Amino acid sequence: MKTVPFLSLLQAGMLTSGIVAQNIAFVGSNANAIATVSFDTKTGTFKVTGNNTDSSTPSWQEVSRDGKLLYSIEETSTEHALTSYSIGQDGKLKKLKSIKGLAGPVSLDMHPTQPIIITAN
């Protein structure tokens, strides 16, 4: 079994370009919060810089290609939703909309050229 560095586990929700000028990641807690975590590339350290509690059970996050939006899966809630957030200049999240889906979504992906989001159950 290959060991994966901790940083690799965060890359799905990592924002290194776009409207925020720092390396940050968004980490779902699966318990009512998405943490905003900054990564210092010089020291290799992580620091929680924010905590958004507008989500019931966030488990998988993806940042839009332009770095302006975060999409999150509500895996175990009764909503089974895909939720979108705007990402502020300071990295803070603002909930935009939730769309109900099939029960038990576990991941999501965005089409590389089309405005399509696919969730997997």
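Let's start at Ile73, which sits in strand S6; helices and strands here are DSSP runs (H or I of at least four residues for a helix, E of at least two for a strand), numbered from the N terminus. This is a predicted model, in which local features need pLDDT of at least 70 and side-chain atom pairs count only at pLDDT 80 or more, while totals for chains, interfaces and linings use all residues. Residues are numbered from 1 along each chain as its sequence is written, and side-chain values use heavy atoms, with hydrogens and water left out.

Ile73 counts as buried because its relative accessibility is 0%. Buried means under 20% relative accessible area, exposed means over 50%, and partly exposed is what falls in between (1.4 Å probe, protein chains only). Setting aside residues up to four places away in sequence, Ile73 touches Thr57, Pro58, Ser59, Trp60, Ala81, Leu82, Pro105, Val106, Ser107, Leu108 and Thr119, where contact means heavy atoms within 4.5 Å. With Thr57, the C-alpha to C-alpha distance is 7.8 Å, and the two are 16 residues apart in sequence.

Step back to Ser72, also found in strand S6. Ser72 counts as buried because its relative accessibility is 0%. Its side chain makes a polar contact of 2.9 Å with the side chain of Gln61. A polar contact is a pair of N or O atoms within 3.5 Å; within protein, one must be able to donate a hydrogen and the other to accept it, and residues adjacent in sequence count only if both atoms are side-chain atoms. Not counting residues up to four places away in sequence, the partners of Ser72 include Ile34, Trp60, Gln61, Leu82, Tyr85 and Leu108.

Now go the other way, to Glu74, in strand S6 (residues 69-74). Glu74 is buried yet has no salt bridge, and the nearest side chain of opposite charge, Lys95, is 5.6 Å away. For the bookkeeping, a salt bridge is a side-chain nitrogen of Lys or Arg within 4 Å of a carboxyl oxygen of Asp or Glu; Lys and Arg count as positive, Asp and Glu as negative, and His and the chain ends are not counted. What Glu74 does have is a polar contact of 3.3 Å between its side chain and that of Thr83. Beyond its neighbours within four places in sequence, Glu74 is in contact with residues including Ser55, Thr57, His80, Thr83 and Pro105.

Just ahead of the strand is Gly67, in the loop between strand S5 (58-63) and S6. Gly67 is buried because its relative accessible area is 1%. Its C-alpha atom and that of Ser86, 19 residues apart along the chain, are separated by 9.2 Å.

Zooming out, the chain has one helix and 10 strands, running α-β-β-β-β-β-β-β-β-β-β from the N terminus on. Of its 121 residues, 35% are buried. Among contacts with a separation of 6 or more, 37% are between residues 24 or more positions apart. The chain exposes about 7300 Å², with carbon and sulfur atoms supplying 56% of it; accessible areas come from the Shrake-Rupley method with a 1.4 Å probe, and for residues, only the protein chains shown count as cover.

On to the cores. In soluble globular proteins, nonpolar side chains tend to be buried together. The largest nonpolar core here has eight residues: Ile24, Phe26, Ile34, Val63, Leu70, Tyr85, Ile87 and Leu93. Strand S2 (24-28) and strand S7 (81-87) are the elements that give two or more residues to this core. Apart from it lies another core of five residues, among them Tyr71, Ile73, Leu82 and Met110. By definition, a nonpolar core is a set of buried Ala, Val, Leu, Ile, Met, Phe, Trp, Tyr and Cys residues joined through side-chain atoms within 4.5 Å.

Take Phe26, in strand S2. Phe26 is buried because its relative accessible area is 3%. Phe26 and Glu62 are 36 residues apart in sequence and 8.3 Å apart in space, C-alpha to C-alpha.

Last stop: Ile117, in strand S10 (residues 117-120). Ile117 counts as partly exposed because its relative accessibility is 29%. Leaving aside neighbours within four places in sequence, Ile117 is in contact with Tyr71, Leu82, Leu108, Asp109 and Met110. The C-alpha atoms of Ile117 and Tyr71 are separated by 9.1 Å, with the two residues 46 apart along the chain.
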